[in-house]
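Work through the exercises below with the sequence and the model in view. Each task is followed by a solution in steps.

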Amino acid sequence: MYQQMIFVNLAVDDLEASKKFFTELGYSINAQFSDETAASVVISDTIVAMLLTRQKYAQFTKKEIVDATKSSEVLLALSAESREKVDELVEKAVAAGGSVTGEPQDHGFMYGRAFDDLDGHTWEVIWMDPAVAQG
C-alpha cells in the first residue's frame with residue numbers, strides 16, 4: 001500500500017553543523033540524496049527533512065529566504081510515543097546546540113514542548129493520549 005511522504009525543505013547556514021545536530025537527535029542521513037549542498041535527514045519512513053544550503057534552497061524559489069532566527073516561516077510538529085520521549089528529544093536538541101522555545105504545554109491528555117534548531121527553525125514535539133486521539 002502506498003504511503004504518502006513529506007519532504008520538509010529547510011535552508012541552513014552551515015550544512016555540516018546541521019547534519020551533526022540532527023544525527024545527535026538520533027536521526028540518520030541518507031547519503032543517496034545528500035551532497036555538499038544538501039542533506040537528507042530521515043526522521044521516519046514517511047518524513048524526511050531536506051537541509052539545503054541557502055544557495056541550493058534559492059534554486060527552488062523566487063521568494064526571499066527568511067532568517068528563521070528573526071522570522072517564522074513554518075512550525076514543524078513531530079509526534080512522540082510518550083511524555084518522556086517529548087522531554088528526551090527536546091533535551092537532545094538542547095545538548096546538540098538547539099534552544100528551548102516557549103513553555104511546556106501540559107493539557108493532561110496532551111503534552112508538548114518545542115525547540116529551535118541551529119538555524120532557528122521551530123520544532124514542536126507532542127504526545128497525545130492514544131485513547132483521546134482515537135476518539
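## Burial and overall form

Of the 135 residues of the protein, 34% count as buried, where buried means under 20% relative accessible area, exposed over 50%, and partly exposed in between (1.4 Å probe, protein chains only). The model is predicted: local features need pLDDT of at least 70, side-chain atom pairs count only at pLDDT 80 or more, and totals for chains, interfaces and linings use all residues. Residues are numbered from 1 along each chain as its sequence is written, and side-chain values use heavy atoms, with hydrogens and water left out.

**Exercise 1.** Find out whether the radius of gyration of the protein agrees or disagrees with that of a compact globule.

*Solution.* Step one: take the radius over C-alpha atoms, and use as the globule rule 2.2 Å times the number of residues to the power 0.38. Step two: for 135 residues the rule gives a value near 14 Å, and the protein has 15 Å, so the two agree. Step three: add the box filled by the C-alpha atoms, which is roughly 45 × 40 × 30 Å along the principal axes.

## Strands

**Exercise 2.** List the secondary structure in sequence order.

*Solution.* Step one: count the DSSP runs, numbered from the N terminus, with helices (H or I) of at least four residues and strands (E) of at least two. This gives four helices and nine strands. Step two: read along the sequence to get β-α-β-β-β-α-β-α-β-β-β-β-α.

**Exercise 3.** Describe the surroundings of strand β4 (residues 47-53).

*Solution.* Step one: look for paired strands, meaning those with at least two DSSP bridges between them. Strand β1 (residues 6-12) runs parallel to β4, with seven bridges; Val12 has Thr53 as its bridge partner. Strand β3 (residues 38-42) runs antiparallel to β4, with five bridges, and Ala39 stands opposite Leu51. Step two: follow the chain from β3 to β4, a hairpin through four residues. Step three: check burial. Six of the seven residues of β4 are buried, so the strand is largely enclosed by the rest of the structure.

## A surface residue

**Exercise 4.** Where is Phe109 found, and is Phe109 buried or partly exposed?

*Solution.* Step one: locate Phe109 in the loop between β7 (105-106) and β8 (110-116). Step two: read its relative accessible area, 37%, which means that Phe109 is partly exposed.
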